[in-house]
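Open the model in your viewer and keep the selection panel at hand. We will go from stop to stop, and at each one you will hear what to pick and what you should find there.

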Amino acid sequence: MPLELKVPVHTDHNELSESSFDALKQQSLDARNLSYSPYSNFRVGACLLTESGQYIQGANVENASYGATICAERSAITRAIMMGHRKFKALAISTDLTTVASPCGICRQFIREFGPELPIYMVTDGGEWVKMYLNELLPLSFGPEDLGKHTG
Ligand SMILES: [Zn+2]
């Protein structure tokens with residue numbers, strides 16, 4: 001008999017106003033249209049809400065050399081960092097699935113650098129969602145503090 005997994009899933013979006021949450025979710029869904037995914041046809045959109053209130057979209061960008069592919073989460077964060085942002089309020093991730101998809105392991109570590117406690121909303125094609133915090137997706141994580149560095 002399989003074990004029942006207890007995964008902490010939050011059903012609130014307390015850190016965001018209704019309008020901010022709606023915008024974040026919609027922009028992550030819309031970002032799927034920016035996906036370059038001719039090999040997998042698995043479109044992923046992301047949207048990062050910065051501390052200053054900007055919405056920054058990302059999408060997966062695949063490559064003929066498959067390992068060179070970058071995920072939506074990392075493309076959004078990279079874009080935000082290049083725009084000078086360092087602090088974030090939330091991240092939303094959308095796919096074309098009717099179930100939620102969670103960030104891959106590489107992305108969890110990448111997100112961790114700038115948001116060890118970042119709320120991450122995983123959104124279905126139909127707009128349903130679940131929230132988990134980065135530190136729940138990546139417990140006992142390694143980060144800048146372990147090197148005596150601060151990201152701020
Ligand atoms: Zn990823």
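## First stop: a helix and its covered side

This is a predicted model. Begin by selecting helix H3, residues 105–114, where the buried residues are Cys107, Arg108, Ile111 and Arg112. They sit on the same side of H3, because the arc they cover around the axis is only 145 degrees. Now show what lies over them: the cover of the buried residues of H3 includes H2, strand S3 (88–95), strand S4 (119–123) and helix H4 (134–137).

## Second stop: the zinc ion

Stay with Cys107 and bring the zinc ion into view. Which protein atoms are its donors? Select the SG atoms of Cys71, Cys104 and Cys107, which lie 2.2 to 2.3 Å from the zinc ion. Along the chain, these donors follow the spacing C-x32-C-x2-C.

Colour the cysteines by accessibility next. Cys107 has 0% relative accessibility, so it counts as buried. Cys104 comes out as partly exposed, because its relative accessibility is 31%.

## Third stop: Lys131 and its two partners

Next, look at the charged side chains; the structure holds 6 salt bridges. Select Asp12 and Lys131, whose side chains meet in one of them, at 2.8 Å from N to O. This pair links distant parts of the chain: Asp12 belongs to the segment before helix H1 (18–31) and Lys131 to strand S5 (residues 129–133), 119 residues apart.

Keep Lys131 selected and add Glu15. Their side chains also meet in a salt bridge, with 3.0 Å from N to O. Here again distant parts of the chain are linked, since Glu15 lies in the segment before H1 and Lys131 in strand S5, 116 residues apart.

Is Lys131 buried or exposed? Lys131 is buried, because its relative accessible area is 0%. For its partners, Asp12 counts as partly exposed at 24% relative accessibility, and Glu15 counts as partly exposed at 30%.

## Fourth stop: a network around Arg32

Now select Arg32 and Asp125, which form a salt bridge with their closest N and O atoms 2.8 Å apart. The two come from distant parts of the chain, 93 residues apart: Arg32 is in the loop between H1 and strand S1 (44–50), and Asp125 is in the loop between S4 and S5.

Add Arg43 and Asp96 to the selection, and you have a network of salt bridges linking Arg32, Arg43, Asp96 and Asp125. How do Arg32 and Asp125 compare in accessibility? Arg32 is buried, with a relative accessible area of 11%, whereas Asp125 counts as partly exposed at 39% relative accessibility.

## Last stop: a nonpolar patch

Finally, turn to the surface and select Tyr36, Tyr39, Val61 and Tyr66. These residues form a nonpolar patch there, and together they have about 430 Å² of accessible area.

Zoom in on Tyr66 to finish. Where does Tyr66 lie? Look in the loop between strand S2 (55–59) and helix H2 (72–82). Tyr66 counts as exposed, because its relative accessibility is 58% and the cut-off for exposed is over 50%.

Terms used
Residues are numbered from 1 along each chain as its sequence is written. This is a predicted model: local features need pLDDT of at least 70, side-chain atom pairs count only at pLDDT 80 or more; totals for chains, interfaces and linings use all residues. Side-chain values use heavy atoms; hydrogens and water are left out. Patches are made of residues with over 30% relative accessible area and no salt bridge: like charges are joined within 9 Å, nonpolar side chains (Val, Leu, Ile, Met, Phe, Trp, Tyr) within 5 Å. Accessible areas come from the Shrake-Rupley method with a 1.4 Å probe; for residues, only the protein chains shown count as cover. A salt bridge is a side-chain nitrogen of Lys or Arg within 4 Å of a carboxyl oxygen of Asp or Glu. Helices (H or I, at least four residues) and strands (E, at least two) are DSSP runs, numbered from the N terminus. Buried means under 20% relative accessible area, exposed over 50%, partly exposed in between (1.4 Å probe, protein chains only). The arc is that of the directions from the helix axis to the C-beta atoms. Contact means heavy atoms within 4.5 Å. Donors are N, O and S atoms within 2.8 Å of the metal (3.2 Å for Na, K and Ca); water is not among the atoms, so sites may look incomplete.
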